[in-house]
Amino acid sequence: MKTKRSPISVIAVIFKYFMLIGASLIALIPVCVCILTAFKTTDEYNNSSVLDLPKSFLNFENFKIAFQQANMLRGFLNTAIVLVVVLTASIFISAMLAYVLNRFKFRGNGIIQNLFMFASLIPGIATQVTVYQIMYSLHLINHIYGYIIVLMGTDIISIYIFLQFFENLPVSLDESAIMDGCTYFGVFFKILFPLLKPAIVTSLVLKGVSVYNEYYMSNLYLQDRNLRTISTALYTFTGPYGNQYNYICAGVIITIIPILILFLVFQKQVYGGMAAGAVKG
């Protein structure tokens, strides 16, 4: 026998679905507009509404122009170099810092952790004047390794993710390994680090997305056209007399494709790592 719902519960369900539909439209409409614009010629774009369909979805000229004129192949190469180096360094630095802070109790340990938390509250843009002066003094402007060094700075979120996982790993693992003659470096790299796979996946996802989408510092420190990353490559189609949005949208779709493929290939690992990172054992 079906229970009769009260009017309040019916209204709540309607409101819930209304909010879900509204949120979906807010998320999907910009994507749809971008796809429609990417297939429009310049004349079509100038003489039609953003929601008007293009004359043909087989017109790939915009994608060809965006890829060639924005030098996107070079942008993908630079971004790949930055991603590999930054993610590798960030994972090891964050994991080792978390290992020291969790396993070694020394005077000032709590203060250091609180300082990391305090630093995370400071907007990154507020420190850019000082960072730029340091980069300029060290002659690191317009060098990809200088940009990599900036991005390799302490990743506070990753540190706390690894701290959370170290809390769930018993100290007896360390003690047993040390009694067998293992050094602290051996304990970390041979015993503990392989157990941090969920935390590593979570950190890779969060850091990788932020590095791939990073625009401000890339535009500030890599001003040479050959050093542009994929996030700044589309700046080619902007200018004081207007922006060529049909080429920009085509380029945006090109930049989305690699990430979409990677996500589809590794979605099980991503979901597994994120789910494990959200649970405290």
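## A tour outward from helix α7

Begin by selecting α7, whose buried residues (under 20% relative accessible area, with exposed meaning over 50% and partly exposed in between, for a 1.4 Å probe and protein chains only) pack against α4, α6 (128-137), α11 (197-213) and α12 (216-221). Contact here means heavy atoms within 4.5 Å, and helices (H or I, at least four residues) and strands (E, at least two) are DSSP runs numbered from the N terminus. This is a predicted model, in which local features need pLDDT of at least 70 and side-chain atom pairs count only at pLDDT 80 or more, while totals for chains, interfaces and linings use all residues. Residues are numbered from 1 along each chain as its sequence is written, and side-chain values use heavy atoms, with hydrogens and water left out.

Stay with residues 144-151: six of the eight residues of α7 are buried, so the helix is largely enclosed by the rest of the structure. To display them, pick Ile 144, Gly 146, Tyr 147, Ile 148, Val 150 and Leu 151.

Next, select Asn 102, which is found in helix α4 (residues 72-103). Asn 102 is buried, with a relative accessible area of 9%, and, leaving aside neighbours within four places in sequence, Asn 102 is in contact with Leu 163, Phe 166 and Glu 167.

Now move to the loop between α2 and α3, where Asn 59 has its place. A polar atom of the Asn 59 side chain lies 3.3 Å from the backbone nitrogen of Glu 61. Apart from neighbours within four places in sequence, Asn 59 is in contact with Phe 39 and Thr 41.

Leu 51 is found in the loop between α2 (42-46) and α3 (61-69), and Leu 51 is exposed, with a relative accessible area of 55%. Add Tyr 17, Leu 20, Ile 21, Leu 25, Ile 29 and Val 50 to the selection, since together with Leu 51 they form a nonpolar surface patch with about 690 Å² of accessible area. Accessible areas come from the Shrake-Rupley method with a 1.4 Å probe, and for residues only the protein chains shown count as cover. Such a patch is made of residues with over 30% relative accessible area and no salt bridge (a side-chain nitrogen of Lys or Arg within 4 Å of a carboxyl oxygen of Asp or Glu), with nonpolar side chains (Val, Leu, Ile, Met, Phe, Trp, Tyr) joined within 5 Å and like charges within 9 Å.

Finally, show the whole chain, whose secondary structure comes to 15 helices and zero strands. Of its 281 residues, 34% count as buried, and the C-alpha atoms fill a box of roughly 75 × 75 × 35 Å along the principal axes.

Methods:
Polar contact = N/O pair within 3.5 Å; in protein donor to acceptor, adjacent residues only side chain to side chain.
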